[in-house]
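Subject: Structure handover

Hello,

I am passing this structure on to you. Please open it and keep it on screen while you read my notes.

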Amino acid sequence: MNRQVLLFLALLSLDSVFGQVSYSIPEEMAKGSLVGNIAQDLGLEIRRLISGKAKIYTRNSDEYVELNRERGVLLVKDRIDREALCTETALCALHFQIILENPMELYSVTVQITDINDNDPTFEKTDTKFKISESVMIGAKFMLERAVDLDAGINGIQNYELKPTDNFALKLHNNADGHKNVEMVLQKPLDREKQEQISLVLTAVDGGEPQMSGTMLIVITVLDANDNAPVFTQQTYKATVTENSPKGTVVATVTASDADQGSNGKIRYSITNNLENVRKLFEVNMDNGDVSLIGNIDFEKSKHFQINLGASDEGGLTDSCKLIVDVQDENDNKPEIIIMSKSNVISENAELNTVVTMINIEDLDSGENGNVKCFISENVPLNLKTSTNNFYSLVTDSDLDRERDSEYNITVTCSDEGVPSLSSSVTLTLQISDVNDNAPVFERSSYEAYIVENNTPGLSIFTVKARDADWNQNARVSYILEDSSVNGVPVSSYVSVSADSGVIHAVRSFDYEQIKDFQFRVKAQDGGSPPLSSNVTVKILIRDQNDNPPQVLYPVQTGGSVVAEMVPRSADVGYLVTKVVAVDVDSGQNAWLSYKLQKATDRALFEVGLQNGEIRTIRQVNDKDAVKQRLTIIVEDNGQPSRSATVIVNVAVADSFPEVLSEFTDFTHDKEYNDNLTFYLVLALAVVSFLFITCLVVIISVKIYRWRQSRIMCHSNLPVIPYYPPRYSDTLGTGTLQHVYNYEVCRTTDSRKSDCKFGRAGSQNVLIMDPSSTATMQRIQSEKSILDEPDSPLEQKPPNNDWRFTQGQRPGPSGPHMPYGTHIRWTPKSGTRATGGPEVAMGTGPWPQPPTEAEQLQALMAAANEVSEATATLGPGTMGLSTRYSPQFTLQHVPDYRQNVYIPGSTATLTSNPQQQQATAQQAAQQALPPPQASAQPEPPKAAQTPASKKKSTKKEKK
């Protein structure tokens, strides 16, 4: 099948380029078939279709044609059925638009759909029945049902055929609408007696290739004579109805008459249209011929209807007419606003007449009801222009400024001219995008700031602030210190600027005396592209601080020589001696100086001017005034706090120079002497302080050491036993115990941890440890029996005056030595002194109250029993002395307190039970005896010599 293309291109020079192109294609083309090369026909390049995002816009939801932008062609998208698409019109076409963006362009495309012979002619009924009287005359006409062929043109119904043609012939009549009325004409009289029923076949044939046809069976029943047919009063009736009329509205009434009488003259009306749209909307009353509405009429769908009506009597005679119904439009449709394309964002530097939105307006009404006018809201920099029929473009008509208005809400309102008028509106939101068109602006045209000298580096001086009217990145301000120099030094070594906050910091510490002020420029630059900037001048003023003391210019102070001012003795009151000249490099009140006389040899002779520093005499100089006058002048400034300087002025009261020279020669020596003396005093103070601290540390260390030793010392629980030597006597004659006590100590192996001091007894009493480690105390007599000694404790004699010691021999602290001097300071594990009283623990000092003899006796007996029990229960390794001696040692003499007790100053001798003593002695001797094979008397081992004892023995040998 050939495809015809009709191209019509019209260019309009408005704001966009518009054109129109038409194509013609047959229906029922396969999907993907080529409709036309739209790019070539419109003169567009394929890359323009791609960059412009070309698309098809159609008002209907169904799209039968699609655009291939890569090839620039139109293709069939879906099956196209002309009969379904265009039910009533012979010409069928698809109308759509192609839209391009950047810039916006609109092209109208029309695709004509041509018919193909794809539908058979069909009859509404497969058969129809007639009752014809035999009296019907030749030439009688019988209306037959027309066939329906949905195809158009040559593909539609072209001819009818009736077979057989014995009694009837077929006659066709052409109507103005192009359809044909089919009539069956009697050409031979009927004879009911010959043939009561006749069957005919009506065939409808179209003109397509291949040719198609449809058939209908006609059954004729021959009746008796009815020779008059119904006749309509008019062949064509016309009526008008308003759309949206309610159901039941009578549109028109048709009337037919029959000359027959009786049942042959009764007429029935019917609608003979075979199109469903007529029968769905209209009906006719079979008895009276009223045509009324049974459906809703819409002008926008059908503007007029043709109703075919028939009238038949009981005899089967019929007549036909047609009713033309015109539909009147009503303003029942609002204008429809369709946004074809729009931009939500537009740059503020967009040119004038830039298309923002393209709008299509549709009003389905006709006449004035379909005339639409559109307008937009006021006070917006936009204008609505008509580009073509019912198409509008929203364009800019003035400059845009985002800083003034960042967004516009545009209301487009369209209304028709009907009565009453109907309107519709749509609101569009247009945002203005920012362009970097505003430079940062400082809050002030110039800045001045003050900072006090001697500031800390990094100190924040003040802040510069600039604002940018743009938005987002374009309004992001950065601060830059412009390159410049101050006195030949880059300004960046003086100050720095924070890029984000604009805070100016001091890089160094300023000195007012070196620089009093300086200025520089700060640039504020935004983050746009390209960036915009502005600058401002900043002046920094440095404020003075009283950081410099006054400097004395005169008199000049020299270290080696002495300068003196001479005052003659004939000077009067107010005589100007000299003038102290001083300056202060500070400024303002920090440089105001005042002079005061601090020291003077004779304060009644001189005075100093408070403001000018002049030294003058305040009385007459006389001969009694010393030649050497020393004045100490203090110069103070007026700062807060004030600073000062001191100058010494030497004044010589004399009339001749030699007199002055002899008096001032020792000034330098005195000064050196004073300096040396100060040095030595400071050195001596440092040495004394060091020695004091050293001694204090040593004492504390010793105390701590002793305390720690006492914490880990004696763990023995043996009691301390008092022992009174044989030669002890009361020297005072009071009958009480002596104030100085002597003890013999039995100690365990742990006793080396106790804090004890031992004195070597004159009698050489030692403890003997059994070599078998039985730790049993045994009394061993030496070669010279202890009984032979005159002062033996076993041979008690009455006391006499010879027992008394001389002052030099008396035991105790006052004597030269302590014969039985074992001083005990014993501390048990619990840390509490196990003594009978505070004085007994030390072995020295009197009792708090002198005890009676009975109390003393009771104490001695109790102690003796405890020693006896402790001695009997001693086990191996429980005997020992101080760590000064070797582990094996002996005590040559240990008094047996159980035998007798002598109380100094008394003639009483206490002796325990002899039998008990003997039994105890025998038991102890048996325990102490060596094995039988070792019956020889072992020689007592000598104590281990310490380094000190070795030295003593060596000295004795030499002697």
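Below is what I found, feature by feature. Bear in mind that this is a predicted model.

**Disulfides**

Start with the cysteines. The count of disulfides comes to two. Number the bonded cysteines in sequence order, and the pairing reads 1-2, 3-4.

One disulfide links C86 and C92, with an S to S distance of 1.9 Å. The angle about its S-S bond is 70°, and the C86 and C92 link is right-handed. Both C86 and C92 are buried.

The other pair is C374 and C414, where S to S is 2.0 Å. The link of C374 and C414 is right-handed too, with 110° about the S-S bond. C374 sits in strand β28 (residues 372–376) and C414 in strand β31 (residues 407–416), so this disulfide ties together parts that are 40 residues apart in sequence. Are C374 and C414 buried or exposed? C374 is buried, because its relative accessible area is 19% and the cut-off for buried is under 20%. C414 is buried as well, because its relative accessibility is 0%.

Look at two further cysteines. C321 has a relative accessible area of 5%, so C321 is buried. C695 comes out at 45%, so C695 counts as partly exposed.

**A buried aspartate**

Next, go to D584. Find D584 in the loop between β47 (581–583) and β48 (593–600). D584 is buried, yet it has no salt bridge. Which side chain of opposite charge is nearest to D584? It is R643, at 7.6 Å. A salt bridge needs the two charged groups within 4 Å, so R643 at 7.6 Å does not make one with D584.

D584 does have a polar partner. A polar atom of its side chain lies 2.9 Å from the backbone nitrogen of D586. Setting aside residues up to four places away in sequence, D584 also touches N546, N548, P549, P550, N590, A591, L593 and D637.

**A buried glutamine**

Now find Q629. Q629 belongs to strand β51 (residues 628–637). Its relative accessibility is 2%, so Q629 counts as buried. What does the side chain of Q629 reach at 3.5 Å? It reaches the backbone nitrogen of D602. D602 is also among the contacts of Q629, along with T601, L605, F606, V649, N650, V651 and V653. That list leaves aside neighbours within four places in sequence.

**An exposed glutamate**

For contrast, turn to E193. E193 lies in the loop between β13 (180–186) and β14 (197–206). E193 is exposed, because its relative accessible area is 55% and exposed means over 50%. Now check its C-alpha atom against that of V222. E193 and V222 are 29 residues apart along the chain, and their C-alpha atoms are separated by 9.2 Å.

**Strand β43 and its partners**

Colour β43 (residues 533–543) next. How do β34 (residues 446–452) and β43 run, parallel or antiparallel? They run parallel, and seven bridges join them. One residue to pick out is V452, whose bridge partner in β43 is R543.

Strand β42 (residues 517–525) also pairs with β43, but antiparallel, through nine bridges. Here Q519 has K539 as its bridge partner in β43.

**Unusual backbone**

Finish with the backbone. N102 and P103 are joined by a cis peptide bond, with omega about -5°. P103 is in the loop between β7 (92–100) and β8 (105–114). A cis peptide bond also runs from Q640 to P641, with omega near -5°. P641 is in the loop between β51 and β52 (644–653).

Then check two phi angles. E28 is not a glycine, yet its phi is positive, at about 65°. E28 is in the loop between β2 (18–26) and β3 (34–36). With 28% relative accessibility, E28 counts as partly exposed. N454 also has a positive phi, near 65°, and N454 is not a glycine either. N454 is in the loop between β34 and β35 (460–463). At 37% relative accessibility, N454 counts as partly exposed.

Over to you.

Best wishes

Definitions and conventions. Residues are numbered from 1 along each chain as its sequence is written. This is a predicted model: local features need pLDDT of at least 70, side-chain atom pairs count only at pLDDT 80 or more; totals for chains, interfaces and linings use all residues. Side-chain values use heavy atoms; hydrogens and water are left out. Helices (H or I, at least four residues) and strands (E, at least two) are DSSP runs, numbered from the N terminus. Buried means under 20% relative accessible area, exposed over 50%, partly exposed in between (1.4 Å probe, protein chains only). Lys and Arg count as positive and Asp and Glu as negative; His and the chain ends are not counted. A polar contact is a pair of N or O atoms within 3.5 Å; within protein, one must be able to donate a hydrogen and the other to accept it, and residues adjacent in sequence count only if both atoms are side-chain atoms. Contact means heavy atoms within 4.5 Å. Two strands pair if DSSP finds at least two bridges between them. A disulfide is a pair of cysteine sulfur atoms within 2.5 Å.
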